[in-house]
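Me: Hey, I've got this one open in the viewer and would like a quick tour. Could you start with a strand and work outwards?

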Amino acid sequence: MSGPDWTGRVLELEVGPVAHGGHCVARAEGRVVFVRHALPGELVRAAVTEDKGGAFCRADAVAVLRAAPERVEPPCPLAVPGQCGGCDWQHAAPAFQRELKGRVVAEQLQRLAGLDRAVEVEALPGGTLGWRSRVRLVAGPDGRAGLRAHRSHRVIGLAECPIAVPGAVERAVERRWRPGTEIEVTSDGDGRVHTRELATVRGKRRARQLTGGEAVQHAAGRDWRLQAHGFWQVHPAAADTFAAVVREWAAASPGALAWDLYAGVGLFASVLAGQVGATGHVVAVESGRRAVSDGERNLADLPQVSWRAGRTEQVLRSLAGQPEVVVLDPPRSGAGREVVEAVAAASPSRVVYVACDPAALARDVAFFEAAGYRLERLRAFDAFPMTHHVECVALLIR
(Lines give C-alpha, C1' and ligand atoms only; values in the text may rest on other atoms or scores of the structure.)
Protein backbone atom coordinates (compact mmCIF):
# COMPACT_ATOMS: atom_id res chain seq x y z
CA MET A 1 0.00 0.00 0.00
CA SER A 2 1.41 3.34 -1.03
CA GLY A 3 2.07 5.89 1.70
CA PRO A 4 2.50 9.67 1.71
CA ASP A 5 4.88 11.43 -0.65
CA TRP A 6 7.15 13.65 1.44
CA THR A 7 9.33 14.81 -1.46
CA GLY A 8 10.35 18.41 -0.81
CA ARG A 9 9.26 18.34 2.81
CA VAL A 10 11.79 19.62 5.40
CA LEU A 11 12.07 17.57 8.60
CA GLU A 12 13.88 18.23 11.87
CA LEU A 13 15.63 14.97 12.70
CA GLU A 14 17.74 13.40 15.42
CA VAL A 15 20.28 11.44 13.38
CA GLY A 16 20.84 7.84 14.39
CA PRO A 17 23.36 5.18 13.37
CA VAL A 18 25.29 4.95 10.13
CA ALA A 19 23.89 2.62 7.46
CA HIS A 20 25.43 0.90 4.45
CA GLY A 21 25.38 3.26 1.48
CA GLY A 22 26.78 6.56 2.75
CA HIS A 23 23.92 7.77 4.90
CA CYS A 24 22.60 7.64 8.45
CA VAL A 25 19.26 6.45 9.78
CA ALA A 26 16.67 8.76 11.33
CA ARG A 27 12.96 8.35 12.05
CA ALA A 28 9.99 10.65 11.55
CA GLU A 29 6.33 9.86 12.16
CA GLY A 30 7.03 6.12 12.19
CA ARG A 31 9.01 6.14 8.95
CA VAL A 32 12.72 5.57 8.35
CA VAL A 33 14.61 8.45 6.75
CA PHE A 34 18.01 7.77 5.18
CA VAL A 35 19.91 11.03 5.60
CA ARG A 36 23.00 12.03 3.63
CA HIS A 37 25.41 14.81 4.67
CA ALA A 38 24.72 14.05 8.34
CA LEU A 39 26.59 12.24 11.12
CA PRO A 40 25.32 10.07 13.99
CA GLY A 41 24.13 12.10 16.96
CA GLU A 42 23.48 15.30 15.04
CA LEU A 43 20.30 17.35 14.99
CA VAL A 44 19.57 18.49 11.44
CA ARG A 45 17.00 19.94 9.13
CA ALA A 46 16.71 17.55 6.20
CA ALA A 47 14.96 18.05 2.88
CA VAL A 48 13.34 14.91 1.50
CA THR A 49 14.81 14.20 -1.94
CA GLU A 50 13.15 10.89 -2.82
CA ASP A 51 10.01 9.19 -1.57
CA LYS A 52 8.40 6.24 -3.26
CA GLY A 53 5.71 5.95 -0.63
CA GLY A 54 6.99 2.94 1.27
CA ALA A 55 8.40 2.52 4.76
CA PHE A 56 11.35 4.82 4.08
CA CYS A 57 12.39 7.92 2.20
CA ARG A 58 15.68 9.68 1.45
CA ALA A 59 16.78 13.14 2.51
CA ASP A 60 19.74 15.53 2.57
CA ALA A 61 20.77 17.43 5.69
CA VAL A 62 20.51 21.05 4.57
CA ALA A 63 21.12 22.64 7.97
CA VAL A 64 23.01 21.32 10.99
CA LEU A 65 21.43 22.49 14.24
CA ARG A 66 23.72 20.46 16.52
CA ALA A 67 26.95 19.24 14.99
CA ALA A 68 28.87 16.11 15.89
CA PRO A 69 32.43 16.78 17.10
CA GLU A 70 33.75 14.79 14.15
CA ARG A 71 32.20 17.14 11.57
CA VAL A 72 34.65 19.05 9.36
CA GLU A 73 34.39 21.41 6.40
CA PRO A 74 34.32 19.38 3.16
CA PRO A 75 37.50 19.96 1.14
CA CYS A 76 35.47 20.05 -2.08
CA PRO A 77 32.81 22.78 -2.48
CA LEU A 78 30.67 20.35 -4.52
CA ALA A 79 30.44 17.76 -1.71
CA VAL A 80 27.21 19.30 -0.42
CA PRO A 81 23.48 18.61 -0.84
CA GLY A 82 22.29 18.85 -4.44
CA GLN A 83 25.76 18.81 -5.94
CA CYS A 84 28.25 16.05 -6.84
CA GLY A 85 27.32 12.54 -5.72
CA GLY A 86 30.82 11.09 -5.96
CA CYS A 87 31.71 11.39 -2.26
CA ASP A 88 29.70 10.51 0.85
CA TRP A 89 31.78 11.46 3.90
CA GLN A 90 33.77 14.61 3.12
CA HIS A 91 32.04 16.25 6.09
CA ALA A 92 33.56 13.70 8.51
CA ALA A 93 37.11 13.70 9.88
CA PRO A 94 39.18 10.95 8.19
CA ALA A 95 39.55 8.80 11.31
CA PHE A 96 35.79 9.01 11.90
CA GLN A 97 35.10 8.03 8.27
CA ARG A 98 37.02 4.82 8.93
CA GLU A 99 35.16 4.28 12.20
CA LEU A 100 31.83 4.64 10.40
CA LYS A 101 32.90 2.13 7.75
CA GLY A 102 33.99 -0.29 10.46
CA ARG A 103 30.56 -0.01 12.07
CA VAL A 104 28.93 -0.78 8.71
CA VAL A 105 31.04 -3.90 8.14
CA ALA A 106 30.36 -5.11 11.69
CA GLU A 107 26.62 -4.47 11.32
CA GLN A 108 26.44 -6.38 8.04
CA LEU A 109 28.34 -9.35 9.53
CA GLN A 110 26.00 -9.42 12.52
CA ARG A 111 22.81 -8.99 10.52
CA LEU A 112 23.58 -11.31 7.60
CA ALA A 113 26.02 -13.83 9.08
CA GLY A 114 25.17 -13.74 12.79
CA LEU A 115 28.77 -12.86 13.70
CA ASP A 116 29.64 -10.34 16.41
CA ARG A 117 33.01 -8.84 15.56
CA ALA A 118 34.53 -5.40 16.01
CA VAL A 119 36.05 -4.14 12.75
CA GLU A 120 38.86 -1.64 12.44
CA VAL A 121 39.27 -0.05 9.02
CA GLU A 122 42.92 0.60 8.20
CA ALA A 123 44.11 3.66 6.30
CA LEU A 124 46.17 3.20 3.15
CA PRO A 125 49.22 5.42 2.49
CA GLY A 126 48.72 8.80 0.88
CA GLY A 127 45.87 10.41 2.82
CA THR A 128 42.27 10.98 1.82
CA LEU A 129 42.78 13.21 -1.25
CA GLY A 130 44.52 12.70 -4.59
CA TRP A 131 44.14 8.91 -4.61
CA ARG A 132 41.55 8.09 -7.24
CA SER A 133 43.44 6.88 -10.31
CA ARG A 134 40.40 6.10 -12.46
CA VAL A 135 37.42 8.41 -13.04
CA ARG A 136 34.45 8.17 -15.39
CA LEU A 137 33.10 11.59 -16.32
CA VAL A 138 30.05 12.49 -18.37
CA ALA A 139 29.37 15.54 -20.52
CA GLY A 140 26.34 17.58 -19.53
CA PRO A 141 23.98 19.48 -21.86
CA ASP A 142 26.52 22.34 -22.06
CA GLY A 143 29.29 19.94 -23.12
CA ARG A 144 31.20 20.35 -19.86
CA ALA A 145 32.54 17.15 -18.27
CA GLY A 146 31.47 16.40 -14.75
CA LEU A 147 30.04 13.84 -12.35
CA ARG A 148 26.43 13.00 -11.66
CA ALA A 149 24.48 14.19 -8.67
CA HIS A 150 23.52 11.50 -6.14
CA ARG A 151 20.91 9.05 -7.54
CA SER A 152 20.42 11.34 -10.53
CA HIS A 153 21.37 11.72 -14.19
CA ARG A 154 21.99 15.44 -13.64
CA VAL A 155 25.59 16.33 -14.44
CA ILE A 156 27.57 18.58 -12.11
CA GLY A 157 30.33 20.33 -14.05
CA LEU A 158 33.81 20.14 -12.54
CA ALA A 159 36.86 22.37 -12.50
CA GLU A 160 38.82 19.74 -10.58
CA CYS A 161 38.27 16.68 -8.40
CA PRO A 162 40.18 16.72 -5.08
CA ILE A 163 40.07 12.94 -4.63
CA ALA A 164 41.45 12.26 -8.13
CA VAL A 165 45.15 11.74 -8.76
CA PRO A 166 46.55 15.18 -9.69
CA GLY A 167 46.61 15.62 -13.45
CA ALA A 168 44.04 12.91 -14.11
CA VAL A 169 40.91 14.92 -14.93
CA GLU A 170 42.17 18.43 -15.66
CA ARG A 171 42.44 18.08 -19.44
CA ALA A 172 39.08 16.37 -19.71
CA VAL A 173 37.25 19.17 -17.89
CA GLU A 174 39.01 21.93 -19.85
CA ARG A 175 37.51 20.97 -23.22
CA ARG A 176 33.94 20.64 -24.44
CA TRP A 177 32.34 17.33 -25.43
CA ARG A 178 29.26 16.15 -27.21
CA PRO A 179 26.49 16.10 -24.56
CA GLY A 180 26.00 12.63 -23.08
CA THR A 181 29.53 11.48 -23.95
CA GLU A 182 31.25 9.52 -21.19
CA ILE A 183 34.96 10.06 -20.66
CA GLU A 184 37.09 7.46 -18.90
CA VAL A 185 40.32 8.79 -17.43
CA THR A 186 43.01 6.54 -15.95
CA SER A 187 46.31 7.55 -14.36
CA ASP A 188 48.70 4.59 -14.33
CA GLY A 189 51.59 3.59 -12.10
CA ASP A 190 54.03 5.68 -14.14
CA GLY A 191 51.83 8.78 -13.95
CA ARG A 192 50.68 8.59 -17.59
CA VAL A 193 47.08 9.67 -18.24
CA HIS A 194 44.93 7.53 -20.54
CA THR A 195 41.67 8.94 -21.89
CA ARG A 196 38.86 7.10 -23.66
CA GLU A 197 35.64 8.52 -25.09
CA LEU A 198 32.43 6.48 -24.94
CA ALA A 199 29.69 7.86 -27.12
CA THR A 200 26.39 6.59 -28.48
CA VAL A 201 26.13 7.30 -32.21
CA ARG A 202 22.96 6.29 -34.05
CA GLY A 203 22.05 3.91 -31.24
CA LYS A 204 25.45 2.20 -31.13
CA ARG A 205 27.95 2.46 -28.29
CA ARG A 206 31.40 3.37 -29.58
CA ALA A 207 34.72 3.67 -27.73
CA ARG A 208 37.57 5.80 -29.01
CA GLN A 209 40.96 5.97 -27.31
CA LEU A 210 42.14 9.58 -27.22
CA THR A 211 45.40 9.28 -25.28
CA GLY A 212 47.41 6.26 -24.20
CA GLY A 213 45.69 2.88 -24.10
CA GLU A 214 48.17 0.50 -22.46
CA ALA A 215 48.75 1.22 -18.78
CA VAL A 216 51.77 0.27 -16.70
CA GLN A 217 51.16 -0.73 -13.08
CA HIS A 218 53.52 -1.93 -10.36
CA ALA A 219 52.47 -4.40 -7.66
CA ALA A 220 53.49 -7.66 -6.00
CA GLY A 221 57.07 -7.18 -7.15
CA ARG A 222 56.12 -7.12 -10.83
CA ASP A 223 55.51 -4.62 -13.61
CA TRP A 224 52.13 -5.05 -15.31
CA ARG A 225 51.06 -3.91 -18.78
CA LEU A 226 47.31 -3.96 -19.32
CA GLN A 227 44.39 -2.29 -21.01
CA ALA A 228 44.24 1.09 -19.32
CA HIS A 229 40.50 1.07 -18.60
CA GLY A 230 40.23 -2.57 -17.55
CA PHE A 231 40.10 -3.73 -13.95
CA TRP A 232 42.86 -2.61 -11.62
CA GLN A 233 42.60 -1.32 -8.08
CA VAL A 234 41.68 2.37 -8.06
CA HIS A 235 43.81 3.37 -5.07
CA PRO A 236 47.53 3.42 -5.96
CA ALA A 237 48.48 1.53 -2.76
CA ALA A 238 45.65 -1.02 -2.86
CA ALA A 239 47.03 -3.70 -5.19
CA ASP A 240 50.29 -4.08 -3.25
CA THR A 241 48.48 -4.03 0.09
CA PHE A 242 45.93 -6.69 -0.84
CA ALA A 243 48.59 -8.86 -2.50
CA ALA A 244 50.58 -8.82 0.74
CA VAL A 245 47.56 -9.96 2.78
CA VAL A 246 46.75 -12.69 0.25
CA ARG A 247 50.39 -13.84 0.36
CA GLU A 248 50.29 -14.12 4.16
CA TRP A 249 46.92 -15.85 4.44
CA ALA A 250 47.02 -18.09 1.37
CA ALA A 251 50.33 -19.66 2.47
CA ALA A 252 50.17 -22.19 -0.38
CA SER A 253 52.65 -25.06 -0.13
CA PRO A 254 55.30 -25.83 -2.78
CA GLY A 255 53.79 -28.20 -5.34
CA ALA A 256 50.20 -27.46 -4.30
CA LEU A 257 47.13 -26.69 -6.40
CA ALA A 258 45.56 -23.24 -5.94
CA TRP A 259 42.64 -21.48 -7.60
CA ASP A 260 42.38 -17.75 -8.28
CA LEU A 261 38.75 -16.95 -9.08
CA TYR A 262 37.67 -13.65 -10.66
CA ALA A 263 41.39 -13.34 -11.38
CA GLY A 264 41.45 -10.09 -13.35
CA VAL A 265 44.90 -9.85 -14.94
CA GLY A 266 46.38 -12.26 -12.39
CA LEU A 267 47.63 -10.15 -9.48
CA PHE A 268 46.82 -12.82 -6.88
CA ALA A 269 47.67 -15.65 -9.30
CA SER A 270 51.21 -14.26 -9.41
CA VAL A 271 51.39 -14.39 -5.61
CA LEU A 272 50.09 -17.96 -5.52
CA ALA A 273 52.48 -18.99 -8.30
CA GLY A 274 55.42 -17.82 -6.23
CA GLN A 275 54.24 -19.97 -3.35
CA VAL A 276 53.43 -23.22 -5.19
CA GLY A 277 56.58 -22.96 -7.32
CA ALA A 278 57.43 -24.69 -10.58
CA THR A 279 55.99 -28.02 -9.39
CA GLY A 280 52.65 -26.53 -8.35
CA HIS A 281 49.66 -25.34 -10.35
CA VAL A 282 47.55 -22.19 -10.19
CA VAL A 283 44.26 -22.06 -12.11
CA ALA A 284 43.20 -18.48 -12.86
CA VAL A 285 39.53 -18.03 -13.80
CA GLU A 286 38.36 -14.77 -15.39
CA SER A 287 35.37 -13.86 -17.56
CA GLY A 288 36.90 -10.80 -19.26
CA ARG A 289 38.64 -11.89 -22.46
CA ARG A 290 40.92 -8.84 -22.56
CA ALA A 291 41.90 -9.40 -18.92
CA VAL A 292 42.75 -13.04 -19.69
CA SER A 293 44.86 -11.94 -22.65
CA ASP A 294 46.66 -9.35 -20.51
CA GLY A 295 47.10 -11.90 -17.73
CA GLU A 296 48.59 -14.53 -20.00
CA ARG A 297 51.03 -11.96 -21.38
CA ASN A 298 52.05 -10.60 -17.97
CA LEU A 299 52.51 -14.04 -16.38
CA ALA A 300 54.16 -15.71 -19.37
CA ASP A 301 57.21 -16.37 -17.18
CA LEU A 302 55.08 -18.45 -14.78
CA PRO A 303 54.14 -21.67 -16.63
CA GLN A 304 52.54 -23.03 -13.44
CA VAL A 305 49.65 -20.58 -14.05
CA SER A 306 46.95 -21.75 -16.46
CA TRP A 307 44.02 -19.58 -17.51
CA ARG A 308 40.35 -20.46 -17.93
CA ALA A 309 38.19 -17.84 -19.64
CA GLY A 310 34.54 -17.84 -18.63
CA ARG A 311 32.06 -17.06 -15.89
CA THR A 312 33.31 -18.41 -12.58
CA GLU A 313 30.16 -20.36 -11.74
CA GLN A 314 30.35 -22.13 -15.10
CA VAL A 315 34.10 -22.83 -15.10
CA LEU A 316 33.93 -24.24 -11.57
CA ARG A 317 31.76 -27.10 -12.81
CA SER A 318 34.67 -28.42 -14.89
CA LEU A 319 37.62 -27.78 -12.55
CA ALA A 320 39.24 -30.93 -11.25
CA GLY A 321 41.39 -31.64 -8.21
CA GLN A 322 41.36 -30.47 -4.61
CA PRO A 323 42.96 -27.04 -4.23
CA GLU A 324 44.85 -26.34 -1.04
CA VAL A 325 43.73 -22.71 -1.14
CA VAL A 326 41.21 -20.70 -3.13
CA VAL A 327 41.45 -16.94 -3.58
CA LEU A 328 38.43 -15.06 -4.89
CA ASP A 329 37.90 -11.39 -5.64
CA PRO A 330 34.35 -11.14 -6.99
CA PRO A 331 32.59 -8.01 -8.26
CA ARG A 332 30.49 -5.83 -5.97
CA SER A 333 27.58 -8.30 -6.12
CA GLY A 334 29.75 -10.95 -4.44
CA ALA A 335 30.29 -14.60 -5.29
CA GLY A 336 26.82 -15.89 -4.41
CA ARG A 337 25.55 -19.22 -3.17
CA GLU A 338 26.36 -21.26 -6.29
CA VAL A 339 30.04 -20.26 -6.35
CA VAL A 340 30.43 -20.58 -2.57
CA GLU A 341 28.97 -24.08 -2.56
CA ALA A 342 31.15 -25.13 -5.51
CA VAL A 343 34.27 -23.82 -3.75
CA ALA A 344 33.31 -25.56 -0.51
CA ALA A 345 32.64 -28.80 -2.40
CA ALA A 346 36.27 -28.71 -3.63
CA SER A 347 37.28 -28.75 0.06
CA PRO A 348 40.23 -26.32 0.15
CA SER A 349 41.88 -25.89 3.55
CA ARG A 350 41.68 -22.11 3.26
CA VAL A 351 39.69 -19.53 1.32
CA VAL A 352 40.89 -15.94 0.99
CA TYR A 353 38.02 -13.68 -0.03
CA VAL A 354 38.67 -10.11 -1.22
CA ALA A 355 35.46 -8.08 -1.10
CA CYS A 356 34.48 -4.55 -2.10
CA ASP A 357 30.96 -4.71 -0.65
CA PRO A 358 30.39 -5.58 3.03
CA ALA A 359 26.81 -6.77 2.52
CA ALA A 360 27.81 -9.21 -0.23
CA LEU A 361 30.75 -10.38 1.88
CA ALA A 362 28.58 -10.99 4.94
CA ARG A 363 26.01 -12.91 2.91
CA ASP A 364 28.74 -15.08 1.38
CA VAL A 365 30.41 -15.63 4.77
CA ALA A 366 27.07 -17.01 5.96
CA PHE A 367 27.00 -19.35 2.94
CA PHE A 368 30.54 -20.50 3.74
CA GLU A 369 29.60 -21.05 7.40
CA ALA A 370 26.70 -23.24 6.29
CA ALA A 371 29.12 -25.19 4.08
CA GLY A 372 31.56 -25.89 6.91
CA TYR A 373 33.92 -22.90 6.88
CA ARG A 374 34.45 -20.38 9.67
CA LEU A 375 35.60 -16.78 9.42
CA GLU A 376 39.06 -16.91 10.96
CA ARG A 377 40.43 -13.44 10.23
CA LEU A 378 39.21 -10.20 8.69
CA ARG A 379 40.98 -7.00 7.69
CA ALA A 380 39.29 -3.92 6.28
CA PHE A 381 40.95 -1.11 4.35
CA ASP A 382 39.93 2.44 3.46
CA ALA A 383 40.73 2.00 -0.21
CA PHE A 384 38.10 4.61 -1.19
CA PRO A 385 38.47 7.59 1.19
CA MET A 386 35.64 10.13 1.29
CA THR A 387 33.21 7.56 -0.16
CA HIS A 388 31.17 4.91 1.67
CA HIS A 389 33.07 2.08 -0.04
CA VAL A 390 35.41 -0.17 1.93
CA GLU A 391 37.55 -3.14 0.92
CA CYS A 392 37.74 -6.25 3.11
CA VAL A 393 39.91 -9.35 3.02
CA ALA A 394 38.56 -12.41 4.84
CA LEU A 395 40.25 -15.70 5.70
CA LEU A 396 37.92 -18.68 5.94
CA ILE A 397 39.12 -22.02 7.35
CA ARG A 398 37.55 -25.41 6.71
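**Strand 11 and its sheet**

Reply: Sure! Glu-182, Glu-184 and Thr-186 point to one side of strand 11, while Ile-183, Val-185 and Ser-187 point to the other, and all are buried. Buried means under 20% relative accessible area, exposed over 50% and partly exposed in between, using a 1.4 Å probe and protein chains only. Strands (E, at least two residues) and helices (H or I, at least four) are DSSP runs, numbered from the N terminus.

Me: Before I go on, what am I looking at, and how is it numbered?

Reply: It is a predicted model with residues numbered from 1 along each chain as its sequence is written; local features need pLDDT of at least 70, and side-chain atom pairs count only at pLDDT 80 or more. Totals for chains, interfaces and linings use all residues, and side-chain values use heavy atoms, with hydrogens and water left out.

Me: Thanks. How many of the residues in strand 11 are buried?

Reply: Strand 11 covers residues 182-187, and 6 of its 6 residues are buried.

Me: And which strands does it pair with?

Reply: Strand 8 (residues 134-139) pairs with strand 11 in the antiparallel sense over 5 bridges. Strand 12 (residues 193-201) is also antiparallel to strand 11, joined to it by 6 bridges. Two strands count as paired if DSSP finds at least two bridges between them.

Me: Who sits across from whom?

Reply: Glu-182 of strand 11 is the bridge partner of Val-138. Towards strand 12, Glu-184 stands opposite Arg-196, and Thr-186 has His-194 as its bridge partner.

Me: What about the hairpin of strand 11 and strand 12, how many residues are between the strands?

Reply: There are 5 residues between them, and Gly-191 in that hairpin takes a positive phi near 80°.

Me: Zooming out, what's the strand order in the open sheet?

Reply: The sheet has 6 strands in the order 10-9-8-11-12-13, with antiparallel pairing. Its edges are strand 10 (155-157) and strand 13 (204-211), each pairing on one side only. On average, neighbouring strands are turned by 35° against each other, direction ignored. Angles run from 0 to 180 degrees between the N-to-C directions of axes, which are lines fitted to C-alpha atoms, for helices over the stretch in contact.

Me: Switching to the interior: which residues touch the most other members of the largest nonpolar core?

Reply: That core has 72 residues, and Leu-137, Leu-267, Val-305 and Val-352 touch the most other members. Helix 3 (residues 238-250) gives the most to this core, with 8 residues. There is also a second, separate core of 40 residues, which includes Leu-257, Leu-319, Tyr-353 and Val-365. A nonpolar core here is a set of buried Ala, Val, Leu, Ile, Met, Phe, Trp, Tyr and Cys residues joined through side-chain atoms within 4.5 Å.

Me: What is Leu-137 in contact with?

Reply: Leaving aside neighbours within four places in sequence, the contacts of Leu-137 include Leu-158, Val-169, Ile-183 and Val-185. Contact means heavy atoms within 4.5 Å.

Me: Now helices. At what angle do helix 3 and helix 4 cross?

Reply: Their axes cross at roughly 35° and come within 10 Å, with helix 4 being residues 267-276. Among the residues making the contact are Phe-242 and Val-246 of helix 3, and Leu-267 and Phe-268 of helix 4.

Me: And helix 7 with helix 8, how far apart are the axes?

Reply: The axes of helix 7 (residues 337-345) and helix 8 (residues 358-370) are 9 Å apart, and the helices pack at an angle of about 40°. Arg-337, Val-340 and Val-343 in helix 7 meet Asp-364, Phe-367 and Phe-368 in helix 8.

Me: Last topic: backbone oddities. What's the usual sign of phi?

Reply: Most residues other than glycine have a negative phi. His-37, though not a glycine, has a positive phi of about 65°. His-37 lies in the loop between strand 4 (31-36) and strand 5 (43-50), and counts as buried at 9% relative accessibility.

Me: And where is Met-386?

Reply: Met-386 is in the loop between strand 21 (374-382) and strand 22 (391-397). Phi of Met-386 is positive too, near 80°, and at 4% relative accessibility Met-386 counts as buried.
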